[in-house]
Amino acid sequence: MISIMLSEPFELSGDDTFAYLQEVSRYSEWDDHVLESHQVDRGPIQIGTKFNVTYRILRQELTLYFVLSALKPGRDVLLEAQHDHFQVQTRFTIDNQAKRLSWQTSVHFDGIWNNASPVLKTILKSELSRSFQKLVRALNPSKQVPDLPDLKTQIEDHLLIPGLLRFSRLGYQWETNCRYPVIRKLNKHHIVITGASSGIGEAAARQLALLGADITIIARNEIKAKASVNRLRQESHSRKKHRYILADLSLARDVDRTIGELVKLDRPIDCLINNAGYLYQERQETDEGIEKSFALLLMAPYRLTLGVKNLLKRAPLAQVINVSSGGMYTQRLKADHLTQGLMPYDGTRTYAQLKRALVMLSELWAQEWEPDGILVHAMHPGWADTKSVAETLPRFYQITKAILRTPDEGADTITWLASHPDLSRTNGRFWMDRRVHPTVLIPGTNPRKTDYQILKETLQNFEPETPLPQ
Ligand SMILES: NC(=O)c1ccc[n+]([C@@H]2O[C@H](COP(=O)([O-])OP(=O)(O)OC[C@H]3O[C@@H](n4cnc5c(N)ncnc54)[C@H](OP(=O)(O)O)[C@@H]3O)[C@@H](O)[C@H]2O)c1
């Protein structure tokens with residue numbers, strides 16, 4: 001038998017730490033050997049809950065079925081797995097004063113494998129120690145995230161092939177070694193998310209609901225909105241939580257009505273996620289006479305966020321997450337064309353212009369709103385396999401389909417930002433895969449001071465008509 005005991009003194013943050021240790025489905029965040037892990041049966045985690053964990057060890061994949069066989073809330077978690085040739089027990093314990101975390105792993109080998117125990121013990125100890133250090137860092141999230149893009153990220157982003165491959169599923173997988181996990185539960189959090197009836201938004205809403213957040217979805221299609229809320233209720237085992245507000249976000253009147261409904265709900269908003277989006281290949285105008293790409297991609301997040309600013313202010317430390325796109329790297333803002341689209345109309349470039357503007361708006365708000373306790377982030381989900389990519393970029397979709405991310409992978413950074421306890425040091429940055437990235441890669445696309453000024457002045461014409469009472 002091999003038994004390895006690792007232990008670290010640590011200032012533990014109570015229930016969240018313990019909840020994180022129980023969540024075997026998140027072990028890949030800190031254990032580099034875990035490729036995937038899932039809870040097998042739905043329902044709250046309790047004694048008897050089963051988890052399916054796939055490891056990559058010495059280039060081989062091995063799947064183990066763990067059963068949670070002991071659970072003392074706040075103190076002790078024991079998981080056991082049975083394999084043809086060995087049994088594994090892995091146990092986390094937190095001491096009485098919540099000042100020390102210990103991790104004990106025991107492997108009982110059958111037959112001839114037992115003879116190899118001394119060698120295996122040395123290997124296992126060094127590998128487990130590495131993972132344990134990452135776990136300890138995960139339990140202390142505010143110290144870990146670099147606030148500027150590191151040199152490697154800068155170089156890779158600037159090189160065409162590695163830069164583009166990072167957007168794909170491969171990029172997501174390369175980043176698994178530096179995932180910067182967070183452990184926070186979101187039980188008291190109210191999160192508002194637009195465009196959560198499909199794709200990345202739907203995945204983010206589900207991930208956040210599983211962390212305990214109460215979600216308000218803003219969507220335009222009632223059947224889809226209802227279905228999404230029902231799924232959230234089922235998966236988070238709550239019939240009371242989660243709701244939807246119907247709105248076509250390209251219409252100013254619908255955005256204003258949404259603001260009114262959120263005000264009526266009278267709940268502080270801990271996080272607003274401006275995710276809804278679409279790439280219009282043909283120029284269209286709404287029945288309010290506004291160019292549709294502008295209306296959906298910039299006016300809607302601007303108007304909605306301003307309209308609910310006082311609800312954000314009421315949360316202890318609120319966050320706004322603006323979902324942009326890597327396409328914005330190709331554009332320097334042509335601020336004079338913002339509201340009309342690029343002429344002659346080019347859907348892809350207009351989309352990229354508006355996503356660039358959204359990143360710039362995030363930077364402006366981050367500076368202005370920090371004293372109000374509101375942090376603002378922009379992010380890029382990478383290239384994910386979603387309805388709108390298939391519909392609006394069919395050739396791109398055909399070529400890249402095999403390497404597109406899943407919507408869950410695209411949503412990962414949204415969920416991570418929304419659940420992070422304090423990203424004040426990185427307020428206003430542009431994120432992908434839980435890392436800060438540069439906002440300018442191509443010479444000549446750097447926004448000037450005047451671009452920010454014109455952006456601000458242009459958007460002032462689109463403020464909500466129903467400002468919140470102070
Ligand atoms: N997928 C990618 O590779 C990728 C890359 C970069 C950036 N993004 C950004 O990620 C965000 C999510 O896109 P996705 O890829 O997940 O696409 P998606 O699956 O098509 O989801 C888009 C969501 O936005 C909603 N929406 C669109 N127009 C709306 C409107 N007028 N009013 C209200 N809701 C509206 C859609 O509602 P319906 O369900 O009713 O259509 C849907 O819920 C977008 O901002 C997109 O620009 C995606």
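How many cavities of 30 Å³ or more does a search of the whole structure find? In this predicted model, the search returns five. A helpful way into such a result is that rolling a probe the size of a water molecule over the atoms shows where empty space is left.

The largest cavity is a good place to begin, with a volume of about 80 Å³. Its lining comprises 13 residues, and those nearest the centre of the cavity are T194, N274, A276, L296 and P301. Sorted by class, the lining of this cavity holds nine nonpolar residues, three polar residues and one charged residue. Two helices, helix 9 (292-307) and helix 11 (347-369), each supply at least two residues of that lining. The most is given by helix 9, which brings five residues to the wall of the largest cavity.

Helix 9 also takes part in a helix pair, and here the geometry deserves a closer look. Two packed helices are described by the angle between their axes and the distance between the axes. For helix 8 (residues 252-265) and helix 9, the axes cross at roughly 25° and come within 9 Å. Because angles under 35 degrees count as roughly parallel, helix 8 is roughly parallel to helix 9. The crossing in which helix 8 passes helix 9 is right-handed. On the helix 8 side, the residues that meet helix 9 are A252, V255, D256, T258, I259 and L262; their partners in helix 9 are M299, A300, R303, L304 and G307. By class, this contact of helix 8 with helix 9 is made up of seven nonpolar, two polar and two charged residues.

A further pair is formed by helix 6 (residues 199-210) and helix 7 (residues 222-235), which pack at an angle of about 25° with their axes 9 Å apart. Helix 6 and helix 7 are therefore roughly parallel to each other. Here, too, the handedness can be stated: helix 6 passes helix 7 in a right-handed crossing. Helix 6 contributes E202, A205, R206, A209 and L210 to the contact, while helix 7 contributes S228, R231, L232 and E235. The residues of this contact of helix 6 with helix 7 fall into four nonpolar, one polar and four charged.

Readers tracing these features in the structure may like to start from helix 9, since this helix both lines the largest cavity with five residues and meets helix 8 through residues including M299 and L304.

Technical notes. Residues numbered from 1 in each chain as written. Predicted model: local features only at pLDDT ≥ 70, side-chain atom pairs only at ≥ 80, totals over all residues. Heavy atoms only, no water. 1 Å grid on protein atoms, 1.4 Å probe; cavity = no way out; pocket = protein on both sides within 12 Å on 5 of 7 lines; lining within 4 Å. Points joined across faces, edges and corners; volume = space filled by probe spheres on them. Helix = DSSP H or I, 4+ residues; strand = E, 2+ residues; numbered from the N terminus. Nonpolar A, V, L, I, M, F, W, Y, C, P; charged D, E, K, R; others polar. Axes fitted to C-alpha atoms, helices over the stretch in contact; angles between N-to-C directions. Parallel < 35°, antiparallel > 145°, perpendicular 65-115°, else oblique. Left-handed = near helix turned anticlockwise from the far one by under 90°. Contact = heavy atoms within 4.5 Å.
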